[in-house]
Amino acid sequence: MEKIAEEVFDHRVTRSRLQAFLADPTRALVIAAKNGAVVGQLRAHLILHPDQGPECLIENLGVSPAQQRQGIASRLVAEALAIAGEWGCEGVYVMTEPDNAPARGFYAAQGWSDSTVTLYDGRLMPPKTPS
């Protein structure tokens with residue numbers, strides 16, 4: 001992942017973070033590439049529960065603005081759903097901010113149902129400077 005188009009990730013990708021993510025069998029990074037550059041990505045996370053079957057969280061879908069509305073996001077989500085199936089997931093969910101109208105419209109067009117939850121955000125420690 002030497003070349004990454006603008007606005008695909010929210011933050012700079014570091015080699016150490018990427019390697020740690022890819023080494024975890026309960027995580028998947030799904031990417032779309034064009035002309036040798038990453039132009040889209042999302043992350044899938046296997047969630048295990050003691051009282052119900054496994055679920056998959058799909059999050060942080062990002063496609064370069066120059067590549068949007070070409071079916072890339074739909075293909076990324078389809079691949080993530082296939083991975084969730086391989087993991088044996090019984091449920092899949094996605095999250096986006098309430099004011100992210102493009103994402104909400106995309107998921108609604110894909111047939112996802114809207115559900116309201118309250119998410120509390122916090123930090124355990126100050127963020128480290130990426131290496």
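Student: How many aromatic pairs does a search of the whole structure find?

Tutor: In this predicted model, the search finds 2 aromatic pairs. One of them joins Phe106 and Tyr107, edge-to-face.

Student: What makes the pair of Phe106 and Tyr107 edge-to-face?

Tutor: Happy to go through it! The ring centres are 5.1 Å apart and the planes meet at 70°. Pairing asks for centres within 6.5 Å, and edge-to-face for planes over 60 degrees apart, so the name fits on both counts.

Student: And why is the pair of Tyr107 and Trp112 called edge-to-face?

Tutor: Here the values are 6.1 Å centre to centre and 80° between the planes. With the limits at 6.5 Å and over 60 degrees, this pair is therefore edge-to-face too. Phe106, Tyr107 and Trp112 form one aromatic cluster.

Student: Why is Tyr107 called buried, and what about Trp112: buried or partly exposed?

Tutor: Buried means under 20% relative accessible area. Tyr107 has 8%, so Tyr107 is buried. Phe106, at 18%, counts as buried as well. Trp112 has 22%, which lies between 20% and 50%, so Trp112 is partly exposed.

Student: Where is Gln67, and why does Gln67 count as buried?

Tutor: Gln67 sits in the loop between strand E3 (55–63) and helix H2 (72–86). Its relative accessibility is 14%, under the 20% limit, so Gln67 counts as buried.

Student: How do you know that the side chains of Gln67 and Lys34 are joined by a polar contact?

Tutor: Their contact is 3.2 Å, and the cut-off is 3.5 Å, so this pair falls within it. Leaving aside residues up to four places away in sequence, Gln67 touches Lys34, Val39 and Ile72.

Notes:
Residues numbered from 1 in each chain as written. Heavy atoms only, no water. Helix = DSSP H or I, 4+ residues; strand = E, 2+ residues; numbered from the N terminus. Buried < 20%, exposed > 50% of the residue type's maximum accessible area, 1.4 Å probe, protein only. Polar contact = N/O pair within 3.5 Å; in protein donor to acceptor, adjacent residues only side chain to side chain. Contact = heavy atoms within 4.5 Å. Phe/Tyr/Trp six-rings, centres within 6.5 Å; stacked < 30°, edge-to-face > 60°.
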